[in-house]
Structure formats: structure tokens, C-alpha cells
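I opened a fresh page today to go through this model and jot down what I looked up, one item at a time. Here are my notes, in the order in which I made them.

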Amino acid sequence: MRKILLTTAALALLALPSGGFAADAVATATPGKALKMVLLPKFSGNAVFDLAHNGALEAQKELKNPTDLQFLAPPASSPTGQIDIITNATTQGVNAIMISDNIGEQLAPAVKAAHDKGIKIVTWDSQIPSGANEDVFVAQVDFNETGKVMADMALKILPNGGKFAILSASPDASNQNAWIKALHELLKTDPKYSKLQEVDLVYGNDESEKSHNQALALVDKHPDLQLIMAPTTIGIVAAAKAMQDEKLCDKVKVSGLGLPSEMVAYTMNGCAPAFALWDFTNLGYLTYYAAYMLAAGDMKAEEGIKFKAGRMGEYTITKDPTRQHGLRILMGPFSVYDKSNVEAATK
Amino acid sequence: MSALSRLRSWEGLLLVLLIVIVGLNVTKTPYYLGVGNLVNLFQLSIEKIIIALTMTLIIISGEIDLSVASVMCLATCVMARLFEAGVELPLALAAALASGALAGLINGACVAYLGLPSLAVTLAGLIGYRGVGRILVEDRAIGGYPAWFDALGQQPLVGPLTFSIVAFLVLFIVTAVVLNRSFVGRIVYSMGTNLEAARFSGVRVKWAKLLLFVFSGLNAAFAGLLYAARLGSVRGDMADGFELDIITMVLLGGVSIFGGSGNLAGVGLSILVILNLRNGMGLANITGNAQTSVIGALLILSVLVPNLARLIHNQWKGREA
């Protein structure tokens, strides 16, 4: 009996320091596992998702996963196609699904069915609002920072203040909604931005034509509008083109989140003096690493877990401060583009 | 009808197509034959195939209803808005069904009593009813319904079958009996074949048309509510564009767009063809635009093949004569 007690005590002593180390230890990936993984963007035909796909492929090569990555996208016209893709992936018994949620909580039942079957659910770019049945969300940037970056760009373009409107993606895009909320919060609380007055919030559904028409409608509706802020890569291009085509660039400027390759012409001609974005290739890369390591059992989706994501270095899983429930891996940071650096970024 | 001529009919062609597709699905993917998958196959399109039943009646009667997807949206938005305002869900559901019937009543009255073409009337409905829905819920998603409601679209009810699938099967049998075994069916066919003749033979054509559109609206509202139960939340873009998929199913089933001909067996087969094709392509990781293109091509063929066959047949006859 005494011996057992002693052994137990000894084991406990041994376990303590090693347990302490485990919290600080950095999980690393075991390469070469054959894992079936699906990368599901919001919809097909958007350049930023193709960049994320490239990043994920790079990670797949590094991790030597012999199973091909499936990049499956619904057409833009059928957002609930995301449900079909998740359901079919569940039937196939894949190991991990990486989702950029475009339909908010409508995705939840399909995600629950997948998660119940043991499939790892990693969201990226756009999270599941409730965080239910999601292992972790790979956030591109801190959502509050997105609000600040937009407010700062607005102030840079309108140093004396003025009226601006927001042209967003779809009403249920969780990421855009969180950014806009952060912007609203900042405008309300920080006197620095009190000169900026938001007059409207409209949705172009991430369709070029609808976004184009919405931008023109904003100008008609608010004759003294000075700035359109579009936190979506499709909306910002459509708005900039609309202002350019209608020769309104002197009056109404465009800003928001855009891809340098798509925005360079409008930044150089002054229609969109400043815009921001993060690196989507890196986002795809980091997402693949996180999903692979979760599916391979290299790490658990728990608060405080640290892991090494290849060339991008160390990351920590934390509580997601932007949601009531859910875990987050924060990528960051932002790059702000203007005339001085946009051309270099397209090379 | 002999076995051979039956095979040469449109339904025969669909049956062959279905066997080929199912054969491909079975051999190409190991996941097809699971019970879960076969349930999902129906479940992922269940709302569309429920509406395809009333759409079959409408098109055979020589009309069309383009507003069905917007009525789905309207009904779910009515339900969501009332529920959000604190109305008990059963009451909100009843109001939603009533809003669908009302939309159908407006469509039917314009077509039957004002004599306007259904294409124009229901096109206006397509725009207008969704507009009302969007005004009701604005740019929000309204969710958080009681578990029993979500379960209607998500949980098995009879064996592995959900309430939606059971509802479809019941409605399919009811529609088949009505169309083939009742005087209502004869009226529907006679209206599509020759409206004047139907009128002279004592059919109350206007009344019949009005009722058809009311049922179409009511059924669309019902399907919309099932869709809301499956998704767990309601938005203003619910079911956007569904009308085209639904009409595709009916036309591929051999129902003439000019009315008067076609039957439910054909539509049933066409539904199975499209659902199996979608499911097989999905499991083979063919998604998005590629999938849409294949189904589009199928529809073009379905219009082309019978007409070409008739043309060749007539040419042949002409040569013999």
C-alpha cells in the first residue's frame, strides 16, 4: 500500500513539471499523414479565395499530405450550396472542412452533422456567428482593428470630415458584419472620428453588377456624399469603377478592403486613394496547417494551445473576443495601400 | 401500350437515363449507397420537389407560376417577423401559410378574372412578394426557433426519413390520384388542351384556375416553412432563383410548356434523374458552375430530342409516301 502511495506521489511529481511544460510546449505537425481535407470558400470566382487556395496547396506540399486537397465552391448565385458541399463531405467522411461561412447560422445544422461524425471544422475568413460545432476560427486580422483601419483611412481621405456610406457584401456575411460593428462602435466612442458621418449602409451581395448599381444609387440618394467605404474586395472594385465611369472621382472617393492587383489603377488615378487588406495566401496556408494538425491529432482545439505553422511561425489558440463562444487563431496584420506602395504590391 | 413503345416514350428515355446515372453513382463512388446519403439526396432539394408537384398541375393547365420561390420567401419572412415579435410559433406558421394562399389568390384572380397572362402576373409576383419579405425582415437573419420546428427539417421522423420527405411522399400520392383518377385531373388537362372547349363543356374555368393558383401559393408557403426548418433561420434572400430549378424538373419530366400534356410519372422520374445527378456529381467533388452546366445541358437536350425525333419521323414518313 505504502509502495503504491509512494509510486503515485512520485508519478504526480513527475507529472507536474511535465504538465507545466506541456502548456508552454509548442505543438508541431507530423507530416505525411493521408488526410482528406476540403477547402470551402464563400463562392467560386473570387480572386482572394484562389489566393487562399494557393496558400493551402503550399501547406499541403510542405506537410506531404498525399491526399489531394478538395477546393469546392458553390456558384455565387446559390449561397446555400455551401450546405450541399458540407453534407456531401460528411457522407465522404473527410477529416477536416475549412469553411468561409457565407450564410451565417443557416450553415449550423450541416456543420453539426459533420462535427458529430468527428470531422474537424476550421473556419477562416468568415466565422460561424454562434461558434457552435466549430473547432477554431482562423481570423485574418483582429476585427476591432478592421474597424479602426477603416476609420483611419476615412479620416485620411476626408481630413475635414464629411459624409460617407458603407457598401458591404451580403447581409449575413459574418466577417463584414463584425467589421462594420467595430467601425460603428469606434465612431460612436472616439471623438477623433466625430467629424465622420455615416449616412447609409447598403449591400451589393458581392456581385459586381449589384455593387456597381448600389454605389451609383448611394450617390443619387445622398448628393453630398464624399466617400464610399466597401469592406469587400468585390464591392470596392465595383464602387471605384462606378465612380470612374460616371466621372465622379473628384467628388466621391472610394476606400475599404481591396486586392492591390485589382485596385492599382483606381489608386493611381485617385478614385480610391487608400485601401487595406491582409495576405490571403498566408490565410490559406495558416488555415491548412491548423486544420491538418487538428485532424492529425498533433494538437487539440483548446484555449492556450501553441503551435508552429511552418514558415509563418508560432500561433496561439485563444478565446475569440468578438464572439460569446468560440476559439480563435489570429493571423494579422493589415497592409494599408496608397499611391506610394500599391504598384510594388502588385509585382 | 407494348413494352417497346413504352420504352420509346419520354418516360422510357428518362428511366434509361436514371439507370445510367444510378449505375455511374454506384460504381464511381463508394458513398452513394449509404442510407444517410440516399436521405440527403432528397433532403437537400426537398422544398423544390414539393413545389414541383403543384407546378406540374399549373403547367399542364396551360399556365405558369414564376412566383413560387418568392412566395416561399414571403411566407418564411411573415413567420419569422411574427415569431420575433413574440407571437406563438403555431400561430405564426398559420399566418405564413395564409400569406402564401393570399399571394396565390392574387395571382389567380389576375389570371382568371382579369384575363392577364400568368407569365406577366407571376413575374410581377416574383419581384413583389420577395420585396414584401425583404421589407419584413430587412437585412437580418431571424433564427432561434423552438427545437420541434427545426426538427421538422433536420431530424428523422419515420425510420431515417424526415418530416419533409414524408410530406413529399404523401403529396406525391395525393397529386397522382387527383391528376389521374379524379374529375379535377380531367379539368386540368382539358384547360391545357383547349380552354374554349373546356368552358363549353361546362367547366367553371375561372374558378378552377383561381383554385390552382391558391394551391400553388399555399404549397410554396408550406415548402418555404420546411426550408426555414431545415436551415434554422430566415433571411430575405431565401430560395432566391429556386423557380427555375423547379420549372426545369417539370419540363424535363415531359410536361409540355404549352399545357395539356405530361404526367406525374414523368415528373417523378425527372426529379430522380436530377437529384441523383446532383448527388453523384457532389460526391465526385464536381460542384458549382460545372454542375449547373450539366443540368442546363440536360434541359436543352430534353427540349431538343423530342422535337428532332418528330422532325426525323415526319421526314421519314414523307419519303415513304
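**Helix α4 of chain A**

I began by asking what the buried residues of α4(A) pack against. Within chain A I found α3 (81-92), β4 and β5, and from chain B α8 (147-154) and α12 join them. I keep in mind that this is a predicted model. The helix covers residues 108-116, and I listed its buried residues as A:A108, A:P109, A:A110, A:V111 and A:A114. A reminder to myself: an α-helix has 3.6 residues a turn, so residues three or four places apart point the same way. I also checked what comes just after α4(A), and there A:G118 has a positive phi of about 90 degrees.

**Contact between the chains**

Since chain B had turned up, I looked at the contact itself: 23 residues of chain A and 24 residues of chain B take part. Which elements of chain B give two or more residues to the side that touches chain A? I noted α3 (35-43), α12 (205-231), α14 (264-283) and α15 (288-320) of chain B. That side of chain B has 15 polar residues, five nonpolar and four charged.

**Chain A as a whole**

Next I stepped back to chain A. I have 11 helices and 15 strands written down for it. The radius of gyration is 22 Å, and this agrees with a compact globule, because 347 residues would give a value near 20 Å. Along the principal axes, the C-alpha atoms fill a box of roughly 85 × 45 × 40 Å. Of the 347 residues, 52% are buried. I also looked at contacts with a separation of 6 or more, and 73% of them in chain A join residues 24 or more positions apart.

**Two domains**

How is chain A divided? Domain 1 takes 37-141 + 280-332, and domain 2 takes 143-277. Their C-alpha centres lie 28 Å apart. Each domain gives 15 residues to the contact between them. On the domain 1 side I have seven nonpolar, six polar and two charged residues.

**The sheet of four strands**

I traced an open sheet in chain A with parallel pairing and the order β8-β7-β9-β10. Why is one side of β8 (196-203) and of β10 (253-256) left without a neighbour in the sheet? Both stand at the edges, so each has a single partner strand. On average, neighbouring strands here are turned by 25 degrees against each other, direction ignored.

For the pairings, I followed β7 (residues 162-168) to β9 (residues 225-230) of chain A and found four bridges, with the strands parallel. A:F164 has A:L227 in β9(A) as its bridge partner. Helix α7 (residues 208-221) of chain A packs on this sheet, where α7 touches β7, β8 and β9 of chain A, and the direction of α7 makes about 155 degrees with that of β7(A).

On the other side I found that β9(A) and β10(A) are also parallel and joined by four bridges, and that A:A230 stands opposite A:G256 in β10(A). I then looked at which way the β10(A) residues point: A:V254 and A:G256 go one way, A:K253 and A:S255 the other, and all are buried.

**The sheet of nine strands**

The second sheet I traced is open too, with mixed pairing and the order β1-β12-β13-β14-β6-β5-β4-β2-β3 in chain A. Its edge strands are β1 (26-27) and β3 (70-71) of chain A, which pair on one side only. From β13(A) I counted three bridges to β14 (residues 327-330) of chain A, and these two strands run antiparallel. One bridge partner I looked up is A:R328 in β14(A), which goes with A:T318.

Helix α10 (residues 280-295) of chain A packs on this sheet. Among the strands α10 touches are β5 (120-124), β6 (136-139) and β12 of chain A, and the helix direction makes about 165 degrees with that of β5(A).

**A:M312**

My last entry is one residue. Where does A:M312 sit? A:M312 is in the loop between β12 (306-308) and β13 (314-319) of chain A. I put A:M312 down as partly exposed, because 15 C-beta neighbours lie inside 10 Å. Leaving out residues up to four places away in sequence, A:M312 touches A:N282, A:Y285 and A:L286. With A:L286 the separation is 26 residues in sequence but 7.5 Å in space, C-alpha to C-alpha.

Note on methods:
Residues numbered from 1 in each chain as written. Chains lettered and ligands numbered in written order. Predicted model: local features only at pLDDT ≥ 70, side-chain atom pairs only at ≥ 80, totals over all residues. Buried ≥ 20, exposed ≤ 12 C-beta atoms within 10 Å, placed from the backbone. Contact = placed C-beta atoms within 7 Å. Nonpolar A, V, L, I, M, F, W, Y, C, P; charged D, E, K, R; others polar. Domains from an automatic or database assignment. Pairing = 2+ DSSP bridges. Axes fitted to C-alpha atoms, helices over the stretch in contact; angles between N-to-C directions. Rg over C-alpha atoms; globule rule 2.2 N^0.38 Å.
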